[in-house]
Amino acid sequence: MTPASAVPDPEAPESVRHWTDLIRDWKASSSSTHLIPVGGCSKPGLSRVNNTESAASEPVSTQRYSTRNLSGILQYDPSEFTISVASGTPLEEIMAALSENGQTLPFDPPRAQFGATIGGCVASGWSGPGRWRYGGLRDFILAASFLDGLGNEVHTGAPVVKNAAGFDFPKLMVGSLGRLGVLTRLTFKVFPQSVEPNTWVVRCGDLASATLHMQTLTRLPVELDAIELCQPGMTDLHDWSIVLRVPGPEAVAESIMDRVQRNVGEAEVRRLSEEHAEKSWSKLLHVEGEVSVRIPMTPRQIETVVQTFPSELTELGWRMHFGLAGNVLFVTGAGDLQVLNFWLIEHGLAGLVLNAGDASTHGTQIGMWRHDEVVVRVAKAIDPHRCFAPLLFGEPLHTKRLET
């Protein structure tokens, strides 16, 4: 079962014009229901609403509409290393077109095989393991067109690599979760595909050794495409392991791994077969599960996170892995998110719900979300009638200081 199967297919306006009419009719009706644009529904947890109203008020009501009819590659010149696409275009279609010319989006857009769209990829702000070497989605988006809360189409950025065209709306839309507008057209810079990458695993035994070796590898003057840290049972049955994607050609990869081996001491280093590597990267890239949550963090927090992770979730079979050399935590399991939510708040962490079980009563954002005054003010300006579902933010820090 794919993540998309948990969400019924929403209605899909036929064109940008139909989207415009939908938003303007929504505004005119003064509806208390909020609009949430979605793509292929490959990350259904991202379209769950957070009830930011007071406990005495009615729960926030939402309705989903899909951009899947806004599809197609609009402009692509391989020699320019840029591509412009409609927001509802499936990632698989884009990656196939780029691959024919030896190019790719190197930040590894997740869940392409589940029908994810490029607009949903931007709205989620979720970059895959390739972000370690090449940078994240924000580093590749050049221009974005979107419909605001009044039904106006706004064109921002420019389809050139070097640009200084005012407020950087394209990057603001990365991770916006469809709460700031309906993306209609997107432009990216692209890179050549990595040459013959292969996958190696460093078996580290315990967590302390794994974190120490990972810190060592991140400081080496070698180019690794990806560095992921996995708990026992993911790529190795018994040991904490570091999974490396090493670029080719073969002579270069062997030179890199010789240096890796010298720096990890007695830890076992082995190359995975193509079949094993494909299964491992699929698991690490797509983060499948009835419940799956993405949690930004820092490598220094790894040992604390593992030691304090709720035992009741561990006993229920919840799993974790650390992406981007420990800069993001992914947890998967089954059941409600209440225990995880309390744990995140206790440790000052924020979680983004990619998948959520039917029993869950939580929205897309759980844990401790901090106030972002820029996003709050932009949202009020481009969506004054609150057509789109609200984002969840904490209280402004200056308000708390005044109260104190």
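In this predicted model, strand 6 (residues 141-147) and strand 8 run antiparallel and are joined by six bridges. Strand 8 belongs to an open sheet of five strands, and a further open sheet is built from nine strands. The mean pLDDT of the protein chain is 89. The points below treat the two sheets, the helices that pack on them, the nonpolar cores and the confidence of the model.

**The five-strand sheet**

- The strand order of this open sheet is 3-4-8-6-7, and the pairing is antiparallel.
- Strand 3 (73-77) and strand 7 (153-157) are the edge strands; each has a single partner strand, so one side of each is without a neighbour in the sheet.
- From one strand to the next, the twist averages 10°.
- Helix 2 (residues 91-99) packs on the sheet, where it touches strand 3 and strand 4. The direction of helix 2 makes about 20° with that of strand 3.

**Strand 8 and its partners**

- Strand 8 covers residues 182-189; six of its eight residues are buried, so the strand is largely enclosed by the rest of the structure.
- On the side of strand 6, Leu147 has Val182 of strand 8 as its bridge partner.
- Strand 4 (residues 82-86) pairs with strand 8 in the antiparallel sense, over five bridges.
- Two residue pairs place strand 4 against strand 8: Val85 stands opposite Leu186, and Ile83 has Phe188 as its bridge partner.

**The nine-strand sheet**

- The nine strands follow the order 13-10-12-11-15-16-14-17-18 in an open sheet with antiparallel pairing.
- Strand 13 (268-271) and strand 18 (365-367) are the edge strands, each pairing on one side only.
- Neighbouring strands are turned against each other by 25° on average, direction ignored.
- Strand 14 (residues 291-296) pairs with strand 17 (residues 350-355) in the antiparallel sense over three bridges. In this part of the sheet, Ser292 stands opposite Asn355 of strand 17.

**Strand 12 within the nine-strand sheet**

- Seven of the seven residues of strand 12 (residues 240-246) are buried, so this strand is largely enclosed by the rest of the structure.
- In a regular strand, side chains alternate between the two faces of the sheet.
- Both faces of strand 12 are covered. On one side Trp240, Ile242, Leu244 and Val246 are buried, and on the other Ser241, Val243 and Arg245 are buried.
- Strand 10 (residues 198-205) runs antiparallel to strand 12 and is joined to it by seven bridges. Val201 stands opposite Val243 of strand 12.
- Strand 11 (residues 226-230) also runs antiparallel to strand 12, with five bridges between the two. The bridge partner of Ala226 is Arg245 in strand 12.

**Helices packed on the nine-strand sheet**

- Helix 8 (residues 274-286) has 13 residues and reaches 18 Å from its first C-alpha to its last, close to the 18 Å expected at 1.5 Å a residue.
- Ala277, Ser280, Trp281, Leu284, Leu285 and His286 are buried in helix 8.
- The buried residues of helix 8 pack against strand 10, strand 11, strand 12 and strand 15 (319-323).
- Val287, just after helix 8, takes a positive phi of about 50°.
- Helix 11 (residues 338-346) lies across strand 14, strand 16 (328-333), strand 17 and strand 18. Helix 11 runs at about 60° to strand 18.

**Nonpolar cores**

- The largest nonpolar core has 44 residues, of which Leu244 and Leu340 touch the most other members.
- Apart from neighbours within four places in sequence, Leu340 is in contact with Val293, Phe309, Leu313, Trp318, Val331 and Ile366.
- A second, separate core has 40 residues, among them Leu105, Ala116, Trp126 and Leu324.

**Confidence of the model**

- Of the residues in the protein chain, 90% reach a pLDDT of 70 or more.
- Over residues 53-57, pLDDT stays under 50, and the model has three contacts for this stretch beyond four places in sequence.
- Over residues 397-404, pLDDT also stays under 50, and the model has one contact for this stretch beyond four places in sequence.
- Where pLDDT is low, the predicted coordinates should not be read in detail.

Notes. Residues are numbered from 1 along each chain as its sequence is written. This is a predicted model: local features need pLDDT of at least 70, side-chain atom pairs count only at pLDDT 80 or more; totals for chains, interfaces and linings use all residues. Side-chain values use heavy atoms; hydrogens and water are left out. Two strands pair if DSSP finds at least two bridges between them. Helices (H or I, at least four residues) and strands (E, at least two) are DSSP runs, numbered from the N terminus. Axes are lines fitted to C-alpha atoms, for helices over the stretch in contact, and angles run from 0 to 180 degrees between N-to-C directions. Contact means heavy atoms within 4.5 Å. pLDDT is the predictor's confidence in each residue, from 0 to 100. Buried means under 20% relative accessible area, exposed over 50%, partly exposed in between (1.4 Å probe, protein chains only). A nonpolar core is a set of buried Ala, Val, Leu, Ile, Met, Phe, Trp, Tyr and Cys residues joined through side-chain atoms within 4.5 Å. The expected span of a helix is 1.5 Å times one less than its number of residues.
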